[in-house]
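The following exercises are to be worked with the sequence and the three-dimensional model at hand. Each task is followed by a solution in steps.

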Amino acid sequence: MHKDADNTEQYQDRRPEKPIPLEVVHQDDHLIIVNKPSGMWPEGGPTAPPSVFEQIKDLVPGSSPTSLYPLETPVSGLMVWADRKSVV
């Protein structure tokens, strides 16, 4: 984090060089809960390594994941995803 000229705090973009492994905490027919590490984009970003969204699509072929509880890129923690919008 750094401060701009007007003294407001801004997060620096710290994209990792390579993909970050995603830990699946729970998965059933409708939901997938993952432990998102700090620095991983939840739903992609310009020139970012695979996001949580992209990795879930790879884990659950044919899914259209929807985040039920979003976390910003610098934040780590559990994210709950539905495997398709009809679950929401």
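**Exercise 1. Determine which residue of β6 is the bridge partner of K36, and place this pair in the sheet.**

Step 1. The bridge partner of K36 in β6 is G77. Strands here are DSSP runs of E with at least two residues, helices are runs of H or I with at least four residues, and both are numbered from the N terminus.

Step 2. Another bridge leads from I33 to V80 in β6. Altogether, six bridges join β4 to β6, and the two strands run antiparallel. Two strands count as paired if DSSP finds at least two bridges between them.

Step 3. On to β3, residues 23–27: four bridges join this strand to β4, again in antiparallel orientation. E23 has N35 as its bridge partner in β4, and Q27 stands opposite I32. Three residues lie between β3 and β4, which form a hairpin.

Step 4. The result is an open sheet of four strands with antiparallel pairing, in the order β3-β4-β6-β5. Its edge strands are β3 and β5, each of which pairs on one side only. In general, strands of a sheet pair through backbone hydrogen bonds, either parallel or antiparallel.

A note on the source: this is a predicted model, in which local features need pLDDT of at least 70 and side-chain atom pairs count only at pLDDT 80 or more, whereas totals for chains, interfaces and linings use all residues. Residues are numbered from 1 along each chain as its sequence is written, and side-chain values use heavy atoms, with hydrogens and water left out.

**Exercise 2. State how many helices and strands the chain has, and in what order they run.**

Step 1. The chain has one helix and six strands.

Step 2. Read from the N terminus, the elements run β-β-β-β-α-β-β.

Step 3. Of the 88 residues in the chain, 31% are buried. Buried means under 20% relative accessible area, exposed means over 50%, and partly exposed lies in between (1.4 Å probe, protein chains only).

**Exercise 3. Identify the residues of the largest nonpolar core and the elements that supply them.**

Step 1. A nonpolar core is a set of buried Ala, Val, Leu, Ile, Met, Phe, Trp, Tyr and Cys residues joined through side-chain atoms within 4.5 Å. The largest such core has eleven residues: I20, L22, I32, V34, M40, V52, I56, V60, L71, M79 and W81.

Step 2. At least two residues of this core come from each of β4 (31–36), α1 (52–59) and β6 (77–82).

Step 3. Leaving aside residues up to four places away in sequence, M79 touches I32, I33, V34, K36, P42, V52, S67, Y69, P70 and L71. A contact requires heavy atoms within 4.5 Å.

**Exercise 4. Find the buried residues of α1 and decide how they are arranged around the axis.**

Step 1. The buried residues of α1 are V52, Q55 and I56.

Step 2. Because they cover an arc of only 100° around the axis, they lie on the same side of α1. The arc is that of the directions from the helix axis to the C-beta atoms.

Step 3. These buried residues of α1 pack against β4 and β6.

Step 4. Q55 counts as buried because its relative accessibility is 15%. Outside its neighbours within four places in sequence, Q55 is in contact with I20, P21, L22, M40 and P50.

**Exercise 5. Count the aromatic pairs and classify what is found.**

Step 1. Rings of Phe, Tyr and Trp (its six-membered ring) pair if their centres lie within 6.5 Å; planes under 30 degrees apart count as stacked, over 60 as edge-to-face and the rest as tilted. By this rule there is one aromatic pair.

Step 2. The ring centres of F53 and W81 are 6.4 Å apart and the planes are at 45°, so the pair is tilted.

Step 3. The pair links distant parts of the chain, with F53 in helix α1 and W81 in strand β6, 28 residues apart.

Step 4. F53 is partly exposed, at 24% relative accessible area, whereas W81 is buried, at 0%.

**Exercise 6. Decide whether T73 is buried or exposed, and describe its surroundings.**

Step 1. T73 is found in the loop between β5 (66–67) and β6.

Step 2. Its relative accessible area is 17%, so T73 is buried.

Step 3. Not counting residues up to four places away in sequence, T73 touches K36, P37, S38, G39, M40, W41 and P42. The C-alpha atoms of T73 and W41 are separated by 4.9 Å, although the residues are 32 apart along the chain.
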